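Please read the following points beside the coordinates. They go through a few local sites, then the backbone, the cysteines and the chain overall.

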Amino acid sequence: MAKQKQLFICRECGQEYPKWNGRCAGCGSWNSIEEATPAEIMAGGKSAAPAGEFKYSRIGEISYEDETRYGTGISELDRVLGGGLVKGSLVLIGGDPGIGKSTLLLQICGYMGNDHTILYVSGEESERQIKLRADRLGVASDNLFLASNNNCESIIHAVVQNKPEIVIIDSIQTITSNAITSSAGSIVQVRECTNAFMRMAKSEEIPVFIVSHVNKDGGIAGPKIMEHIVDTVLYFEGEKQLSYRILRAFKNRFGSTNEIGVFNMDDDGLKEVTNPSEMMLSGRISSVSGSCVVCSVEGTRPILAEVQALVTKSSLSAPRRVANGFDYNRLYMILAVLEKRTGFFYGGVDVYVNIVGGLRLDEPAADLAVAMALYSGLCDKVIPEKVMVFGEVGLGGEIRAVSHVRERVKEAARLGFEKCIIPKQNFSSLSKSEGYGIQIIGVRTLEQAFRAITDKPKECTE
Ligand code: TYD
Ligand code: MG
């Protein structure tokens, strides 16, 4: 009789070996390699199953109906999803433990439960616990069913039998599949269970939400390994100490990934923040150097944020550079440009840059604000409170054009700002006939931008 094939799998990272080893060469963990079950060997994809029929169609012959989208009752979430929840889609909501993922999903149950049956499966909390929280959030619906279960096959069986219209799985790290022996939360479990729920979402044509925690070390068994499987990845971000949260689309097969939703965590759940700029700037003190306001565009939304730079004398041979909410390498680049092109030296000082409120500014339009805050911090020159700036800083010290200029300028005007310092190129393209209700100054170089905050320049410095 032919000897049955043996396969060993690392329970931490999923690496396969023909022989047992004490230490996994893939992830370095000890004693994590175990013999695979026959089912896992089959699932290895090396079975010699006959190839299925291969079908293809001419593009023009493929018809589709408009995809059904459900409103979730929370417009911030609808926007991030690209206009509502798509039927048959698998949505991953990732985030640190305690950030508010379960709260958000329970809240949407309150609204969606009016018209749809929802199955909320929690592997973390008992039905009583969920009910308690639902009561506190004021969520009550006859269409909402709660289950405390963590078996993948039982959940899928229940869904196929009872056909709920929406399924919520909280969280994938607690779900285990019978086909795999490793513990809940391991990479193999998370991957296989996600695949199983994906098949369920597609075959039953129901939207499925999966909650996933990001672990401390950046998520080895976290959402990263699920991102390519699911349709939509949303990350819930925010400082736990602060009350507001940002929901960001990271991947979306049904919409743009630039959108964000802003929420505030209150005593009675998450509240939408429709005016994030006001929130980001609250608590700002004027007459302190090193502070500059920028208008960043997240998706289609302009949001004003405060950039702070603290420049202090350093006692270290290699001075410190700390960036919070801003790209570290970009900070180095801006410091280099400031030194080379404007002659301000940061060699003997520590530099700390912080974007207030836990916001992350990834777009180049924030460069100018960072440069201005650094300049203001070094020279102890206060940037007037009602000044907003944006623009990309080039290596030559030039200020380059960015997109969404009108939206940015209008947002600043709406919040009562008096002066905008923007790239000259953008200034030229702004329609002059439109009244913005704010003084706009176009600048070509960093030096012009620095001068624009102190001098009283003409409408445009050249
Ligand atoms: P939760 O949704 O349980 O987080 P996650 O599912 O992402 O792990 O949120 C838990 C936190 O939110 C907890 O620290 C308490 C806080 N919270 C409020 O401040 N107000 C509320 O109404 C609720 C339900 C939770
Ligand atoms: Mg939770």
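1. In this predicted model, T72 sits in the loop that connects β4 (69-70) with α2 (75-80). T72 has a relative accessible area of 0% and is therefore buried, the cut-off for that class being under 20%. Leaving aside its neighbours within four places in sequence, T72 is in contact with L77, D78, L81, L85, I108, Y111 and M112. For one of these partners a separation can be given, since the C-alpha atoms of T72 and L85 lie 7.0 Å apart, with the two positions 13 residues apart in sequence numbering.

2. One partner of T72 is L77, which belongs to helix α2. L77, too, is buried, because its relative accessible area is 0%. When residues up to four places away in sequence are not counted, L77 touches T72, L104, I108, L234, L247 and F263. I108 thus appears in the contact list of T72 and in that of L77. Of the partners of L77, L234 is 157 residues away along the chain, and the C-alpha atoms of L77 and L234 are separated by 9.6 Å.

3. Where does E125 lie? E125 is placed in the loop between β7 (118-122) and α4 (127-137). Is this residue, E125, buried or exposed? With a relative accessible area of 14%, E125 falls under the 20% limit and so counts as buried. Its contacts, not counting residues up to four places away in sequence, are with I130, R133 and S148.

4. The backbone has some features that I would ask a colleague to look at. Most residues other than glycine have a negative phi, and most peptide bonds are trans. The peptide bond that joins D170 and S171 is cis, with omega at about -5°, and S171 lies in the loop between β9 (166-170) and α6 (187-204). K163, a residue other than glycine, has a positive phi near 45°, and K163 is located in the loop between α5 (152-162) and β9. E205, likewise a residue other than glycine, has a positive phi near 55°, and its position is in the loop between α6 and β10 (208-213).

5. Helix α6 also contains V188. At 5% relative accessibility, V188 is below the 20% cut-off and is therefore classed as buried. V188 and Q173 are 15 residues apart in sequence, and their C-alpha atoms are 11 Å apart in space.

6. How do helices α9 and α12 pack? Helix α9 (residues 367-379) and helix α12 (residues 446-454) meet at an angle of about 65°, and their axes are 11 Å apart. The crossing of α9 past α12 is right-handed. On the α9 side, the contact is made by L368, A371, M372 and Y375, while α12 contributes L446, A449, F450 and I453. The residues of this contact comprise eight nonpolar, no polar and no charged ones.

7. How many disulfides does the structure hold? The count is zero. C295 is in no disulfide, and the nearest cysteine sulfur, which belongs to C420, is 8.3 Å away, whereas a disulfide would need the sulfur atoms within 2.5 Å. C295 has a relative accessibility of 0% and so counts as buried. C24 is likewise buried, because its relative accessibility is 1%.

8. As for the chain overall, there are 12 helices and 23 strands. The C-alpha atoms fill a box of roughly 90 × 55 × 55 Å, taken along the principal axes. Of the 462 residues in the chain, 51% are buried. Among contacts between residues at least 6 apart in sequence, 66% join residues at least 24 apart.

9. A last point concerns confidence. The mean pLDDT of the chain is 86, and 92% of the residues reach 70 or more. Over residues 457-462, however, the pLDDT is below 50, although this stretch has 19 contacts in the model beyond near neighbours in sequence. Where pLDDT is low, the predicted coordinates should not be read in detail.

Terms used. Residues are numbered from 1 along each chain as its sequence is written. Chains are lettered from A and ligands numbered from 1 in the order in which they are written. This is a predicted model: local features need pLDDT of at least 70, side-chain atom pairs count only at pLDDT 80 or more; totals for chains, interfaces and linings use all residues. Side-chain values use heavy atoms; hydrogens and water are left out. Buried means under 20% relative accessible area, exposed over 50%, partly exposed in between (1.4 Å probe, protein chains only). Axes are lines fitted to C-alpha atoms, for helices over the stretch in contact, and angles run from 0 to 180 degrees between N-to-C directions. Helices (H or I, at least four residues) and strands (E, at least two) are DSSP runs, numbered from the N terminus. A crossing is left-handed if the near helix is turned anticlockwise from the far one by less than a right angle, and right-handed if clockwise. Contact means heavy atoms within 4.5 Å. Ala, Val, Leu, Ile, Met, Phe, Trp, Tyr, Cys and Pro count as nonpolar, Asp, Glu, Lys and Arg as charged, and the others, Gly among them, as polar. pLDDT is the predictor's confidence in each residue, from 0 to 100.
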